[in-house]
Structure formats: C-alpha cells, structure tokens
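User: I am new to this structure. Please walk me through the reasoning behind its labels.

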Amino acid sequence: MIIFPAIDIKDGRCVRLYKGDFSTIHQVADNPLDTAIAFKKAGAEWIHMVDLDGAKTGHRINSSIFLEIAQKSGLKVELGGGIRDMKTLEYYLYNGISRCILGSAALKDPQLVRCAVEAFGDRIAVGIDAVNGMVAAEGWLEISNVPYIQMAQQMEKIGVKTLIFTDISKDGTLEGPNFVQLSALTKAVSCNIIASGGIRDLSHICKLADSDIYGAICGKSLYSRTLHLDSAIVAADLNQLFKDSPLIPAIIQENETGEVLMLAYMNRESIKRTLDSGTTWFWSRSRQEYWNKGATSGHYQHVVSITADCDDDALLIRVKQDGAACHTGSYSCFFKNITPQN
C-alpha cells in the first residue's frame with residue numbers, strides 16, 4: 001500500500017480543513033516545498049496535493065507551487081482541485097505532474113473523463129467525495145443525488161484505473177476512515193482504491209493495508225503528530241519486509257540521545273502488535289513466543305518511529321525508554337568493550 005502525505009493549498013499556504021468546511025481552514029506548515037522535501041526524506045515516493053482555491057473557482061490558482069514541488073522535491077505529485085478541462089490536464093501533465101484527479105468534472109462531464117483516459121491512461125484518477133453516500137462536488141459545496149458506488153462503477157466502465165474515496169464526514173476528524181464504505185467500494189469495482197479522510201494512527205494504516213487498499217492519504221495525522229510518516233510507510237508494506245525471511249532484526253535506539261539500546265527479532269505479528277500498542281513487541285527465538293519489552297520490568301519502550309534499511313531486511317526503531325533496556329540493569333545492552341588485538 002502506498003502512503004500519500006497530503007498538502008492542501010489555499011492562497012499559497014499549506015492548510016487543512018475539518019469535514020471540508022472552508023470556515024475551519026487553518027495553516028499547518030510554513031513552506032510547501034520544504035514540507036514536501038521533508039516527506040521525501042521520511043521515505044515517501046508520492047505526495048497528494050489539492051488546490052483548494054481551484055476547487056472553488058475552477059481555475060488553476062496555485063499552479064506554480066505544484067510545478068515547483070514536482071520539479072524540486074523528488075516526489076511524484078498527485079494533484080486535484082479545479083481540474084475541469086483538457087487544457088488544464090495537458091498543462092499539468094506536460095509540466096511534471098504525475099497524476100491528475102478529476103472530481104466535479106467527472107460527475108458533471110463523464111465525456112471529459114473518457115477523453116482524458118484515452119489521452120493519458122492511468123495518469124488520470126477520479127476523486128469520489130461523499131456525504132451520506134452521495135457524491136459531492138464544487139469543493140464539497142454541492143451534494144448530488146448520485147450514490148458513490150454508482151459513480152465508481154460508471155468511472156470503471158469508462159476506463160479509470162484509480163479512484164480516491166473520501167467520506168467527507170470523516171475528513172480532518174482523526175476518527176478513522178469509513179471502512180464500511182471502503183469495503184463496499186472495493187467489492188463493487190476492480191479499480192485501485194485510495195482511502196482519504198480520518199486516518200489517525202498506525203492502527204488505521206494496518207487495517208487499510210490488510211484490506212488490500214491501494215493507497216492511503218494522510219494529512220492532519222502527520223501535522224498533528226498522531227502518525228509518523230516513516231512508520232506509516234513501514235506499516236503499509238509488511239509484505240516487502242518479509243519477502244525473504246519470516247524474521248527481521250530490529251535495532252532499538254533511544255530517540256533523544258541516539259544511543260543504541262538493544263537488538264531483537266520481529267516477525268509480521270510482532271510488528272503489528274508494536275504498531276497497535278505503541279510499545280515494542282518481539283519474537284523470542286529461544287522461547288518461541290512473543291514478548292512485550294517492559295511487561296515484566298516496567299521498563300517499556302514507547303515507539304517514536306520505525307524505519308527500514310535500504311534493502312528492507314533490518315529495522316531501526318526509535319523509542320522513549322523507561323528505565324534500563326538491558327536485563328542486567330544496564331541502560332543499554334551494548335556495554336562490553338572489545339579491544340582489537342594488534
């Protein structure tokens with residue numbers, strides 16, 4: 001599953017909304033390009049961007065920002081908001097944007113979608129935003145009488161390969177996406193489904209990944225720090241981590257000081273337990289059982305982030321350590337100095 005960190009732009013600023021309400025708009029980051037570069041450093045490959053001004057007006061208001069990020073961040077840019085004709089599609093897709101999203105235009109002008117797919121194939125996605133199961137348009141300011149499943153099936157017949165689904169009532173709430181509607185959607189069509197709205201933490205990422213969702217858009221959770229992007233990327237692709245072995249070594253590091261505390265082994269289930277609980281779980285090779293670090297001593301390791309190495313065969317877990325990490329009482333298990341012989 002692909003994690004899409006999100007940046008919404010209004011008046012040139014990085015902002016977020018609550019349930020699509022423009023009166024709740026607030027700035028979440030200082031500079032769009034710097035924010036995108038930080039996402040890239042955390043391991044992202046894609047970024048999801050929305051022109052909120054464009055969504056309201058139908059014009060490409062903040063285009064220079066999107067093109068700069070496409071050219072300088074190293075990320076693939078998925079862009080929506082105000083894209084309602086072939087001229088705008090051609091402008092963006094010929095100038096570095098990797099994928100464009102049709103929303104209101106897809107609802108009101110299916111022929112445009114057909115022409116766009118014929119011209120650009122899978123570089124065209126359709127955004128389906130719903131209120132009580134009915135598709136919304138015009139920057140979520142208008143509610144249609146078209147059920148979201150019906151629209152999805154229509155888009156699939158036209159040839160659309162990627163659908164982005166948002167239950168507007170979940171957007172910006174951190175209450176979790178609408179898993180029921182997402183499940184119904186994945187059963188109704190064979191398109192790649194990207195979930196958007198409401199994602200709070202790693203438990204939501206794991207649940208989406210287990211549902212074979214193609215992608216997940218994360219916005220408010222990243223800015224409010226209920227979700228760390230590097231850890232979300234690991235959680236989204238456990239299959240890649242265990243492609244060669246059922247066990248993977250995990251290096252545990254104190255987040256504040258950088259001191260290495262211990263090394264242990266994890267499998268798919270122990271990583272899920274770690275992600276769900278927020279404390280480290282490992283697989284004991286000698287006892288053949290799971291163990292939660294600190295369950296006996298009270299010296300828990302509170303997970304800050306999880307990252308994989310370049311070959312996806314080792315993990316680095318940054319933690320806030322309660323007390324000593326080693327069973328000997330030493331803060332770190334690495335306290336034996338070995339002097340090389342000349």
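Analyst: This is a predicted model. Start with one pair. Arginine 200 and aspartate 201 form a salt bridge, and their closest N and O atoms are 2.8 Å apart.

User: What makes arginine 200 and aspartate 201 a salt bridge?

Analyst: The rule asks for a side-chain nitrogen of Lys or Arg within 4 Å of a carboxyl oxygen of Asp or Glu. Here the closest N and O atoms are 2.8 Å apart. The distance is within the cut-off, so the pair counts. Side chains of opposite charge can pair when their charged atoms come close.

User: Why is arginine 200 called partly exposed?

Analyst: The relative accessible area of arginine 200 is 29%. Buried means under 20% and exposed means over 50%. The value lies in between, so arginine 200 is partly exposed.

User: And aspartate 201: buried or exposed?

Analyst: Buried, because its relative accessible area is 18% and the cut-off is under 20%.

User: How many salt bridges are there by this rule?

Analyst: The count comes to eight. Among them is the pair of aspartate 53 and lysine 10, with closest N and O atoms 3.5 Å apart. That value is also within 4 Å, so the label holds. Aspartate 53 sits in helix 2 (residues 52-57) and lysine 10 in strand 1 (residues 2-10), 43 residues apart. Both aspartate 53 and lysine 10 are buried.

User: What makes the pair of arginine 99 and glutamate 78 a tie between parts of the chain?

Analyst: Their side chains meet in a salt bridge, at 2.7 Å from N to O. Arginine 99 belongs to strand 6 (residues 99-102) and glutamate 78 to strand 5 (residues 76-80), so the bridge ties together parts 21 residues apart in sequence. Arginine 99 and glutamate 78 are both buried.

User: How many disulfides does the structure hold?

Analyst: Zero.

User: How do you know that cysteine 191 is not in one?

Analyst: A disulfide needs two cysteine sulfur atoms within 2.5 Å. For cysteine 191, the closest cysteine sulfur is in cysteine 100, 18 Å away, so it is too far for a bond. Cysteine 191 is also buried, with a relative accessible area of 10%.

User: Why does cysteine 206 form no bond with cysteine 218?

Analyst: Cysteine 218 holds the closest cysteine sulfur, but the distance is 12 Å. The cut-off is 2.5 Å, so that is too far for a bond. Cysteine 206 counts as buried because its relative accessibility is 7%, and the limit is under 20%.

Note on methods:
Residues are numbered from 1 along each chain as its sequence is written. This is a predicted model: local features need pLDDT of at least 70, side-chain atom pairs count only at pLDDT 80 or more; totals for chains, interfaces and linings use all residues. Side-chain values use heavy atoms; hydrogens and water are left out. Buried means under 20% relative accessible area, exposed over 50%, partly exposed in between (1.4 Å probe, protein chains only). Helices (H or I, at least four residues) and strands (E, at least two) are DSSP runs, numbered from the N terminus.
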